[in-house]
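Student: I have a structure open and would like to learn how to read its features one at a time. Where should we start?

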Amino acid sequence: MPVWLWWVSGVVIVVFLSQVAVITVEFIDRWKKFRQAKAYAVSVGKPLLVVGRPGNNRIKVYTGGDVTLDLDPGVLKDCPQGGCVANVCCIPFPDGHFGAVFVSFVLDYLPSVDDFEKALDELSRVADKVFICHTRPLNIRWRYLPIPDQVSLWIDPKNGKLKARPKLW
């Protein structure tokens with residue numbers, strides 16, 4: 001086998017293994033944050049809001065909350081006990097109704113930074129505490145595949161807050 005083919009094979013293997021690691025970290029983060037959100041909601045005696053229906057996951061990392069909000073009407077089938085079809089930028093519940101809200105891979109699919117900021121304000125309005133999972137920047141599927149109208153999420157090293165900017169490509 002030519003040397004260049006060995007080199008290409010090595011690069012492919014390294015990229016594949018790095019993506020397995022990135023996706024594993026995302027799943028572990030999702031699993032931990034869902035359990036933290038659920039425990040917090042129970043501790044304050046308020047319901048848990050889940051944004052992003054669990055039916056979208058190939059591997060069930062979490063279940064629905066007391067209320068599960070999604071744009072897809074399939075949420076009513078996946079979460080018959082508390083499915084709600086609504087936009088995360090306009091949540092149809094009163095201020096402070098939920099103890100916690102768990103947002104799973106939703107904010108990185110919003111079309112603009114303004115929508116991201118509206119969604120954060122809305123989530124903070126309806127819940128005491130917000131738990132957010134988002135796609136890691138090293139995830140090649142999200143970073144390089146052309147999915148129009150997305151924002152890029154990142155954690156600001158200066159203050160540790162989640163920020164958004166328009167996706168550059």
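Tutor: Start with how elements are assigned: helices and strands are DSSP runs, of at least four residues for a helix and at least two for a strand, numbered from the N terminus. In this predicted model, Asn-87 is found in the loop between strand S3 (83-85) and S4.

Student: How many helices and strands are there, and in which order do they run?

Tutor: The chain has four helices and seven strands. Read from the N terminus, the order is α-β-β-α-β-β-α-β-α-β-β.

Student: Back to Asn-87: is this residue buried, partly exposed or exposed?

Tutor: The class follows from relative accessible area: under 20% is buried and over 50% is exposed, with partly exposed in between. Asn-87 has 35% relative accessibility, so it counts as partly exposed.

Student: Which residues does Asn-87 touch, not counting those up to four places away in sequence?

Tutor: Asn-87 touches Leu-69 and Leu-71. The C-alpha atoms of Asn-87 and Leu-71 are 5.8 Å apart, while the two residues are 16 apart in sequence.

Student: What does the side chain of Asn-87 reach?

Tutor: The side chain of Asn-87 reaches the backbone nitrogen of Cys-89, at 2.8 Å.

Student: Let us take a residue in a strand. Where does Ser-104 lie, and is Ser-104 buried or exposed?

Tutor: Ser-104 lies in strand S4, which covers residues 98-104. Its relative accessible area is 5%, so Ser-104 is buried. The side chain of Ser-104 also makes a polar contact of 3.3 Å with the side chain of Arg-30.

Student: Now charged pairs. How many salt bridges does the structure hold?

Tutor: A salt bridge needs a side-chain nitrogen of Lys or Arg within 4 Å of a carboxyl oxygen of Asp or Glu. The structure holds four salt bridges. In one of them, Lys-33 pairs with Asp-29, with the closest N and O atoms 3.6 Å apart.

Student: Why are Lys-33 and Asp-29 separated by about one helical turn?

Tutor: Because they are four residues apart in helix H1 (residues 3-44). Their exposure classes can be read from the cut-offs above: Lys-33 is partly exposed at 23% relative accessibility, and Asp-29 is buried at 14%.

Student: Which salt bridge involves Lys-46, and where do its partners lie?

Tutor: The side chains of Lys-46 and Asp-128 meet at 3.2 Å, N to O. This pair links distant parts of the chain, 82 residues apart: Lys-46 is in the loop between H1 and strand S1 (48-51), and Asp-128 is in strand S5 (residues 127-133). Lys-46 is partly exposed, with a relative accessible area of 29%. Asp-128 is partly exposed as well, at 42% relative accessibility.

Student: What about Arg-125: which residue does it bridge to?

Tutor: Arg-125 forms a salt bridge with Asp-95, and the closest N and O atoms are 2.7 Å apart. Here too the pair links distant parts of the chain, 30 residues apart, with Arg-125 in helix H3 (residues 113-126) and Asp-95 in the loop between S3 and S4. At 26% relative accessibility Arg-125 is partly exposed, whereas Asp-95 is exposed at 60%. Asp-95, Glu-122 and Arg-125 are linked in a network of salt bridges.

Student: Next, the nonpolar residues. How many residues has the largest nonpolar core, and which have the most contacts inside it?

Tutor: Such a core joins buried nonpolar residues through side-chain atoms within 4.5 Å. The largest nonpolar core has 22 residues, and those with the most contacts inside it are Leu-49, Val-51 and Val-88. S1, strand S2 (67-70), S4, H3 and S5 are the elements that give two or more residues to this core. H3 gives the most, with four residues.

Student: Which residues is Val-51 in contact with, leaving aside neighbours within four places in sequence?

Tutor: Among them are Leu-69, Val-88, Val-101, Val-103, Ser-104 and Leu-123. Apart from the largest core lies another, of 10 residues, including Ala-37, Ala-41, Phe-102 and Cys-133.

Student: And what do the totals for the chain say?

Tutor: Of the 169 residues, 40% count as buried. The chain exposes about 9,900 Å², with 65% supplied by carbon and sulfur atoms. Among contacts with a separation of 6 or more, 57% are between residues 24 or more positions apart.

Notes. Residues are numbered from 1 along each chain as its sequence is written. This is a predicted model: local features need pLDDT of at least 70, side-chain atom pairs count only at pLDDT 80 or more; totals for chains, interfaces and linings use all residues. Side-chain values use heavy atoms; hydrogens and water are left out. Buried means under 20% relative accessible area, exposed over 50%, partly exposed in between (1.4 Å probe, protein chains only). A polar contact is a pair of N or O atoms within 3.5 Å; within protein, one must be able to donate a hydrogen and the other to accept it, and residues adjacent in sequence count only if both atoms are side-chain atoms. Contact means heavy atoms within 4.5 Å. Accessible areas come from the Shrake-Rupley method with a 1.4 Å probe; for residues, only the protein chains shown count as cover.
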